Amino acid sequence: MKIMTCPMNGPRNISEFVYGGEVQEMPDPNNCSDREWAEYVFYSDNAIQVVREWWMHSASSYWFIAERHTGSDEILKTYPSTELFKERVEFAAKATGQTS
Amino acid sequence: MPFSLLKYGLSGDYPFEKHPDLPQPTKLKKHYDVVIIGGGGHGVAIAYYLAKYHGITNVAILEKGYLGGGNTARNTAVIRSNYLTSEGVKFYSESVKMFKKLSNEFDFNIMYSQRGQLTLAHTDAAIRGFRQRAEVNKHFGGRTELIGAKEIKELVPTLNMNPGHLPVLAGLWHMDGATARHDAVAWGYAKGATQRGVELHQLTEVTGINIVNGKVTGVETSKGTVECGSAVQAVAGHSSLLAAKAGFRLPITTYPLQAMVTQPVKPFLDQMVSSSALHCYVQQTGRGEIVFGGGSDPYPLYNTRSTLELKESLLASAIEMFPFMANLRMLRQWAGITDMTADYSPIMGLSPVENYYLDAGWGTWGFKATPICGKTMAELIASGGKVPELIAPFAMDRFDEFRQVNEMGATAASH
Ligand SMILES: Cc1cc2nc3c(=O)[nH]c(=O)nc-3n(C[C@H](O)[C@H](O)[C@H](O)COP(=O)(O)OP(=O)(O)OC[C@H]3O[C@@H](n4cnc5c(N)ncnc54)[C@H](O)[C@@H]3O)c2cc1C
């Protein structure tokens, strides 16, 4: 059984967690090009190295950050997302001009 | 016969060495017209069709390990064309047609076995999806029907009709579904290619891609530098690592995919049976072993380890489907690392580097595409970059334009 340490719930079976993708800088959706947005959504270095990732503990719906090696699967560190994000990120979509 | 056997037994040399299927490796030449990176089924198929249809034989296949030792040796050999999109069905149907003729073409038995594939629906939504897949498949000449619970019971009497408390409501019955011996496919192509003059260099790793003015000019290998007119990468789970050497990123994430096999039992199952709700597919090999597998691992990793979590969940689902399997012993388990795309369709065609071509994003479903991918990629390379119509929808830039070819529902647990 592989164990992951949740910053809120402590060490738990990895099957209780859901992988949420690499932590990446989001381009401004209102001003970036389609190509930049595609780069953010689909493309990845996908290298063998330590990667900073989003994970969620399913039972408590708690999202946090993990640093994990994509070759050895070693989890080096887990910590609350507030360590990376000091303020709330707003996702307001651009007004499309459509009503409804 | 007994005398010749006795003679071989007493003589010092090994009988097969005089007639090797594959020519002995030679030294790398300074220049090749085409360098193929990766000696899996895809790489050797490209080489075979380059030589056979385009007369291009100054070709080197560079393989860091052994011929067909990657995912080609690890897959569960499901061949089928019952996908969802017209682009997908058109492409995979061609591959199924080519597979049927391969044993004859190679004069070498790839043990093609057309046994039919049955996918189970446990919800009304799944039935709607299956109806659409059956129609698209028929439209392009495939043999696929939506069948009811009664017919399923007749077809597969050993199946539990209420696995995991998910009643079997209907099924997608794909009569063209088949399996073949994956190693034999790689050997057949490799033999055909090398007999026509192509060189296969095993234990030769590509460590760098040389690019001048945006155009590939050669590759660095563990055995020295090689110049080339053009190059193609067909390295499955390692696709992003190779692309990084050529200076670009891919819309690919690498995940392990695990499978396992039981001890052999008497023949009881002709068909391949899968359930996407249970994340499991089950089939019996010609030797009687039961092969079963499911979806990819839940998070990305470059590692072929097996996990207890996946074993537990896969075994639970397989036993729900065929309860008597609870009495069997597991024989082997293994994993491969697969290059997954967001839409569960491959990436074939041009790359940002001129004369450098992509055969990637095959994830958990690329074995069945080996013949048609090899043939169309050879056409692309021989024409100097004119993309064949059949593979145009699978260009990498579909992601930049948000026109994905979505095959997730038709792929996830059936490959
Ligand atoms: C468990 C499992 C089950 C599967 N089941 C099915 C199935 O039922 N049906 C189906 O259609 N598909 C299935 N697949 C997917 C299928 O196996 C692959 O998509 C397919 O084999 C890819 O073929 P390939 O030749 O591109 O890759 P591979 O056979 O992996 O060949 C790539 C080769 O490239 C080499 N290589 C990598 N890096 C370098 C380098 N730097 N230099 C030189 N060589 C390099 C590797 O050593 C390898 O031999 C399954 C995969 C797995 C893992």
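Here is a short chat between a visitor and a guide about the predicted model above.

Guide: Since this is a predicted model, local features need pLDDT of at least 70 and side-chain atom pairs count only at pLDDT 80 or more, while totals for chains, interfaces and linings use all residues. Residues are numbered from 1 along each chain as its sequence is written, chains are lettered from A and ligands numbered from 1 in the order in which they are written, and side-chain values use heavy atoms, leaving out hydrogens and water.

Visitor: At roughly what angle do the axes of helix 2 and helix 7 of chain B cross?

Guide: Helices here are DSSP runs of H or I with at least four residues, strands are runs of E with at least two, and both are numbered from the N terminus. Axes are lines fitted to C-alpha atoms, for helices over the stretch in contact, with angles from 0 to 180 degrees between N-to-C directions. Helix 2 covers residues 41–54 and helix 7 covers residues 182–195; their axes come within 8 Å and cross at roughly 35°.

Visitor: How do the residues of that contact divide into nonpolar, polar and charged?

Guide: Contact means heavy atoms within 4.5 Å, and helix 2 of chain B brings residues including Val44(B) and Tyr48(B), while helix 7 of chain B brings Ala186(B) and Tyr189(B), among others. Ala, Val, Leu, Ile, Met, Phe, Trp, Tyr, Cys and Pro count as nonpolar, Asp, Glu, Lys and Arg as charged, and the others, Gly among them, as polar. The split is nine nonpolar, two polar and no charged.

Visitor: Is Glu199(B) buried or exposed?

Guide: Glu199(B) sits in strand 9 of chain B. Leaving aside neighbours within four places in sequence, its contacts include Lys27(B), Tyr32(B) and Val59(B). Buried means under 20% relative accessible area, exposed over 50% and partly exposed in between (1.4 Å probe, protein chains only). Because its relative accessible area is 16%, Glu199(B) is buried.

Visitor: How many of the 13 residues of helix 10 of chain B are buried?

Guide: Helix 10 of chain B runs over residues 370–382. Its buried residues include Pro371(B), Cys373(B) and Leu380(B). The helix is mostly covered, and the buried count is ten.

Visitor: Does Asn213(B) count as buried or exposed?

Guide: Asn213(B) has a positive phi of about 50° although it is not a glycine. Most residues other than glycine have a negative phi. Asn213(B) lies in the loop between strand 10 and strand 11 of chain B. Because its relative accessibility is 76%, Asn213(B) counts as exposed.

Note on methods. The expected span of a helix is 1.5 Å times one less than its number of residues.
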